[in-house]
Each structure stands twice: as C-alpha cells, then as structure tokens.
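The following exercises concern the packing of helices, strands and side chains in one protein model. Each task is followed by a solution in steps.

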Amino acid sequence: MTSLFEPIELGSIYAKNRILMAPLTRGRGTRDHVPTPIMAEYYAQRAGAGLIISEATGISREGLGWPYAPGLWSQEQVEAWKPITAAVHAKGGKIVAQLWHMGRMVHCSVTGQQPVSCSATKAPEALHTYDGKQAPEVARPLTKEDIARILNDYENAARNALQAGFDGVQIHAANGYLIDEFLRDGTNHRSDEYGGSPENRIRFLREVTERVIATIGAHKTSVRLSPNGDTQGCIDSHPEQVFVPAAKLLNDLDIAFLELREPGPNGTFGKTDQPKLHGPIREVFRKPLVLNQDYTREEAIETVATGVADAISFGRPFLANPDLVRRLEDNLPQNKDDIRTWYSQGAEGYTDYPLAR
C-alpha cells in the first residue's frame, strides 16, 4: 500500500511526501500587489510539504481584486517573489505559483475597471475591497478579443513564474472564478463557441491550459477544479457532464497533476449535497490526482493507501501548523487557526504559529 509519507513525482517535481500545502489567500502583499519579505519566512516555515501551492496570484490587474494579494504580471513582482522561492528551496521544499483571474469576483475600487466574465452576471454577495465589503457589480461579457488578451496574460504570468523561481504553476480553475464561470451553466449563458454544450464551456479551460503548456511545458503545469456544489454563486446543473470530460481533456494534455476541491454535506468551508466526482474523474484522469477539503489524518492516510487519490492537500491545517507533516506523521495535536488573522497584514497569525515540541 502507498503511504501518505512516501515521495511522489508530480510532473517534473519530485515531492518528498504526498502532503501538499493547498493555496491559501493571506493578503500580505502591497496595495500594488507586490510580495513582501515576510512572505519568505511564512513559506519557508512550511517547506516540509511535499509541494507548496502558493496563494492565488493574479495574472493581471483586471483579474486581481483581492486586497493585498500578490501578482505575477510585472517585473517588480517577479523580483519580489525571487527571495520567497529561494527561501523555500533553501529548506528543501518545492513551490508552484497558482495563477488566478477572479472574473466577476472583483470590485472596481480595487482593479480600477468593471469586472469581466463569460456572461453579464454578478457575484452573489458583497466583495472584499480596501474600504470594507462593497456591493458587487455586473460583469462585462468578454469578447473574443478579450479572451485572446487574457490568454496572453496567462502566458506572461506562467513565464514570469519560472523567472521568479517557481517549480511550476497551477491554473486556478475552481471556486467560482473566471475559468470556473465559463465551465458551469449557472454562470455561462453564452451562445457562441464558449457556451452551451459542455464541450464549448470547457473550451476556455482548454485554451488556457494549452497556452501555459506551450509556454513552460506540461510537466510544470497543473490545474485545480472544484467540481461539486455552489462556490460563490457558481454552480452547474449536471457537473459530471462537464467536469469528467474536462478531466479527460487535462489527462490527454498530459498535465503534471490535477487537484480537486470537493466539499461534502458537512463541509467546514462550504457544503453541498452534490456528490463528489473524484471517482469518475479518477477513471479518466490517469496522472497524479490530489484531493482537498476537510481531510482528517486518518482519512488522508486511507485515501492514499487505497489508491482513491495519490496525494492530499491541506489548507487551514498548514496555515496554523508550519510543521504539519511532522504532526501528521507522529500523530501530534494541531494548532487551531485564527480566522481574525487570515487576511490581516503583519506577522500575527502568519509567521508566529508555534512548532510542535
């Protein structure tokens, strides 16, 4: 049986265990979305993970509406990321950049422009801004010229990620952001080749993935999907009809690995009665499959041992436990995370969680 604590090859990345750090927005950049030095300490503390997936990182000013979140579109941002990736590598860790376009989930007071999406919809609730939460705005439907421009933005960000020292990238196609908005019939109301049938709704994901692969290689490219449930007002009426073919497409494109965030009916960060799809996805996606959302130590060990998945990613447990791998291996108690400091600036609740004794 395969152990959670065994190494695994994720494309070109040799991961020393199958415990991945899931992407976690923490809001420690500048208002210009430039990473800051404290982020090097934070990520280096967690380098015991088999692989760190960075916090979601904007590919463009248009697509980044989260206050103080980092980007990867400018040379200034690239230079600021270099000490962070170097700190992870110095501790023997591996890190990939999660590439993010938030679609309709941004506010003009942060981006300076109207949000965009596949269709003229709006976020279901108030959005984070520098001045507290503000009411969402209706997104401008993307033209084909816009889509071509955004593909260029993904290419630029992927190239910048390698220049910044990342070991690869993860395309954020989950959680109700731009690519997910294209995938699901609840948000995609287009009548052109990007809307309607599952094949058409998958098209944008395919084009983004193909562009990133052409830029940095399939062995350095991974994808995150959230197939089941409603995430930020984004839901599909028949998710198996779009996400299983999407996974088959990603398998055929030979990406390094696929991560699935799947809440259950009793989820602690989103919940749904829509069934999880990792079973049917596993049948068509033969590369490494990583599962995420509310896994206990025992569930993670069993899921990998039985071959249901190849690795498990942990989010909030890594937030509060820099030495999570050791705690899982030795079955030690875990620190509890403090929601007040998830998105605050500074060291509190960021770099000051204690190690196990």
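**Exercise 1.** Determine with which handedness H6 and H7 cross, and describe their contact.

*Solution.* The helices H6 and H7 form a right-handed crossing in this predicted model. On the H6 side, the contact comprises Pro198, Arg201, Ile202, Leu205, Arg206 and Thr209. On the H7 side, Gln241, Val242, Pro245, Ala246, Leu249 and Leu250 take part. Sorted by class, the contact of H6 with H7 contains eight nonpolar, two polar and two charged residues. Geometrically, the axes of H6 and helix H7 (residues 239–252) come within 10 Å, crossing at roughly 35°.

**Exercise 2.** State at what angle H1 and H2 pack, and classify their relative direction.

*Solution.* Helix H1 (residues 38–45) packs with helix H2 (residues 75–90) at an angle of about 25°, and their axes are 8 Å apart. Angles under 35 degrees count as roughly parallel, so H1 is roughly parallel to H2. The handedness follows as a separate step: H1 passes H2 in a right-handed crossing. Finally, the residues can be listed: Met39, Ala40, Tyr43 and Ala44 of H1 meet Trp81, Pro83, Ile84, Ala87 and Val88 of H2. The contact of H1 with H2 has nine nonpolar residues, with no polar and no charged ones.

**Exercise 3.** Establish in which order the eight strands close into a barrel, and locate the helices that pack on the strands.

*Solution.* The barrel order is S3-S4-S5-S10-S11-S12-S13-S14, with parallel pairing. From one strand to the next, the twist averages 25°. One pair within this order is strand S12 (residues 257–261) with strand S13 (residues 289–292), joined in the parallel sense over four bridges. Here leucine 258 has leucine 289 in S13 as its bridge partner. Helix H6 (residues 198–216) packs on the sheet and touches strand S10 (169–172) and strand S11 (221–225). The direction of H6 makes about 155° with that of S11. H1, in turn, lies across strand S3 (19–21), strand S4 (51–58) and strand S5 (95–100), and runs at about 145° to S4.

**Exercise 4.** Explain which parts of the chain the salt bridge of lysine 144 and glutamate 193 ties together.

*Solution.* The structure holds 22 salt bridges. In one of them, the side chains of lysine 144 and glutamate 193 meet at 3.1 Å, N to O. Lysine 144 belongs to helix H4 (residues 144–163), while glutamate 193 lies in the loop between helix H5 (178–183) and H6; the pair therefore ties together parts that are 49 residues apart in sequence.

Conventions. Residues numbered from 1 in each chain as written. Predicted model: local features only at pLDDT ≥ 70, side-chain atom pairs only at ≥ 80, totals over all residues. Heavy atoms only, no water. Axes fitted to C-alpha atoms, helices over the stretch in contact; angles between N-to-C directions. Helix = DSSP H or I, 4+ residues; strand = E, 2+ residues; numbered from the N terminus. Parallel < 35°, antiparallel > 145°, perpendicular 65-115°, else oblique. Left-handed = near helix turned anticlockwise from the far one by under 90°. Contact = heavy atoms within 4.5 Å. Nonpolar A, V, L, I, M, F, W, Y, C, P; charged D, E, K, R; others polar. Pairing = 2+ DSSP bridges. Salt bridge = Lys/Arg side-chain N within 4 Å of Asp/Glu carboxyl O.
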